[in-house]
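Biologist: Please take a close look at one part of this model, the charged side chains and their pairings. Then place them against the cores, the sheet and the cysteines.

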Amino acid sequence: MPVSEAALVGDNSVSRRALVPLSALVAGQEADFFALLAAKEELRTREGKPYFRVCFRDARREVNFPIWIDSHWGPACRNDWSVGTFYKLRAVYRESNFGPELEIRAIRPVNEKDREDGFDPDMLLPRSREEPQILWERLHELMVREIPSEPLRNFVAEVLRRYRREWLRLPASCRYHHPHLGGLLEHTLHVAENTALLARAYRQRYPEKEVPFEPQLAVAGAILHDAGKLLELVQSPQAADFSASGMLLGHGVLGRDILHQVAATHRIDPEWFLRLEHIVISHHGEPEGGTPRPPMTLEALLVQLLNQLDAKWNMAWKILSEEKQGAWTSDRNILKQRLYRGPSTSD
């Protein structure tokens, strides 16, 4: 049953409960915890019954579930709950055939007193599995090792230098793949590492020099393919949101702009610069994916495919890591499909 918000205040009239992270809750457990309202969408069932689909999350778990319009929390959800706001909740964590759910007992926005209990906005935002500084050092080592051309290496290094702060913090997307602090750096490193590995392998398999393919140029393009997101995204309570230029132009165009800005002081071979531009604007594949041109060089094709692979892998990994019950996940996820975990003892 819902309870008064006073139950969450911790005054003398109400016994204070120990806080438990949302990500640490097990099925059937009731606890007080902090969470970010990451999404709220008004929908209808097939029968026309209205409801809100909400998403509460912390750094390691997000829970999507319905709030029925005619339920106790329906009016508050419609009128008071705001996406991007941090809340303190008392709720029971449930796991159903439709995925994780919360049975809310009490809810209120966080306040300054909650900081005495250790509340920090960053504690509720998902983050890279490795420290961003470590990822940054690995990316620099890869750049030095895999790009022997000094002008090209200096060009890439200058982009990294100018936007170091954003690289270390921004997610790769607001919602889809790597949507966590440092996610852009993590995704960039993985795409670049995979590109270096496969570019070297394909150069050995196809050694003919008359076919244009330059592994170090592919690696440079992999490092810079999402550089436009440094301008497309801005910090927000949900880790990031779109900037005006991000919404109007997209990160492919903005990434090309960054290349031209750096080229004013760090010149590289014109043919390589053209191919680098092409990698940046074509890395989403086909026009339906938002790219003005499909990949038309071997370097661009390799980066496009590995970019897609790393994004899909991260989304699938996230789904499987969050839904740990049963052989199959639900299809209520970012991929809109069920994933197979394998048989368990309960099955």
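Modeller: Glu146 counts as buried, at 14% relative accessibility; buried means under 20% relative accessible area, exposed over 50%, and partly exposed in between, with a 1.4 Å probe and protein chains only. This is a predicted model, in which local features need pLDDT of at least 70 and side-chain atom pairs count only at pLDDT 80 or more, while totals for chains, interfaces and linings use all residues. Residues are numbered from 1 along each chain as its sequence is written, and side-chain values use heavy atoms, leaving out hydrogens and water.

The partner of Glu146 is Arg145: their side chains meet in a salt bridge, 3.3 Å from N to O. The rule asks for a side-chain nitrogen of Lys or Arg within 4 Å of a carboxyl oxygen of Asp or Glu, and by it the count comes to 18 salt bridges. Arg145 is exposed, with a relative accessible area of 54%, whereas Glu146 is buried.

Asp226 and Lys229 form another salt bridge, with the closest N and O atoms 3.6 Å apart. Here Asp226 is buried at 1% relative accessibility, and Lys229 is buried at 5%.

A third pair joins Arg275 to Glu299, at 3.1 Å from N to O. Arg275 sits in helix α10 and Glu299 in helix α11, so this salt bridge ties together parts that are 24 residues apart in sequence. Helices (H or I, at least four residues) and strands (E, at least two) are DSSP runs, numbered from the N terminus. Arg275 is buried at 15% relative accessibility, as is Glu299 at 1%. Elsewhere, salt bridges with shared partners link Glu30, Arg94, Glu103 and Arg105 into one network.

Next come the nonpolar cores. A core is a set of buried Ala, Val, Leu, Ile, Met, Phe, Trp, Tyr and Cys residues joined through side-chain atoms within 4.5 Å. In soluble globular proteins, nonpolar side chains tend to be buried together. The largest core here has 44 residues, and Phe155, Ile223 and Leu276 have the most contacts inside it. The helices α10 (270–282) and α11 (298–322) are among the elements that give two or more residues to this core, and so are α2 (132–146), α3 (150–162) and α6 (215–224). Leaving aside neighbours within four places in sequence, Ile223 touches residues including Leu139, Met143, Val156, Leu160 and Trp167, contact meaning heavy atoms within 4.5 Å. A second, separate core of 23 residues includes Ala31, Ala35, Trp81 and Leu89.

Ala31 also takes part in strand pairing: its bridge partner in β4 is Ala91. The sheet is open, with five strands in the order β3-β2-β1-β4-β5 and antiparallel pairing; two strands pair if DSSP finds at least two bridges between them. Its edge strands, β3 (62–68) and β5 (99–109), each pair on one side only. β1 pairs with β4 (residues 86–96) in the antiparallel sense over seven bridges. With β2 (residues 50–57), β1 (residues 30–44) pairs antiparallel over eight bridges. Among the pairs between these two strands, Lys40 has Val54 in β2 as its bridge partner, and Ala39 has Cys55. β1 and β2 make a hairpin with five residues between them, and Gly48 in the turn has a positive phi of about 90°.

Cys55 leads to the sulfurs. A disulfide is a covalent bond between the sulfur atoms of two cysteines. With the cut-off set at a pair of cysteine sulfur atoms within 2.5 Å, the count comes to zero disulfides. Cys55 is in none, and the nearest cysteine sulfur, in Cys77, is 12 Å away. At that separation from Cys55, the sulfur of Cys77 is too far for a bond. Cys55 is buried, with a relative accessible area of 4%, and Cys77 is buried as well, at 0%.

One more charged residue deserves a note. Arg129 is found in the loop between β5 and α2 and is exposed, at 68% relative accessibility. The C-alpha atoms of Arg129 and Gly182 are separated by 9.2 Å, although the two residues are 53 residues apart along the chain.
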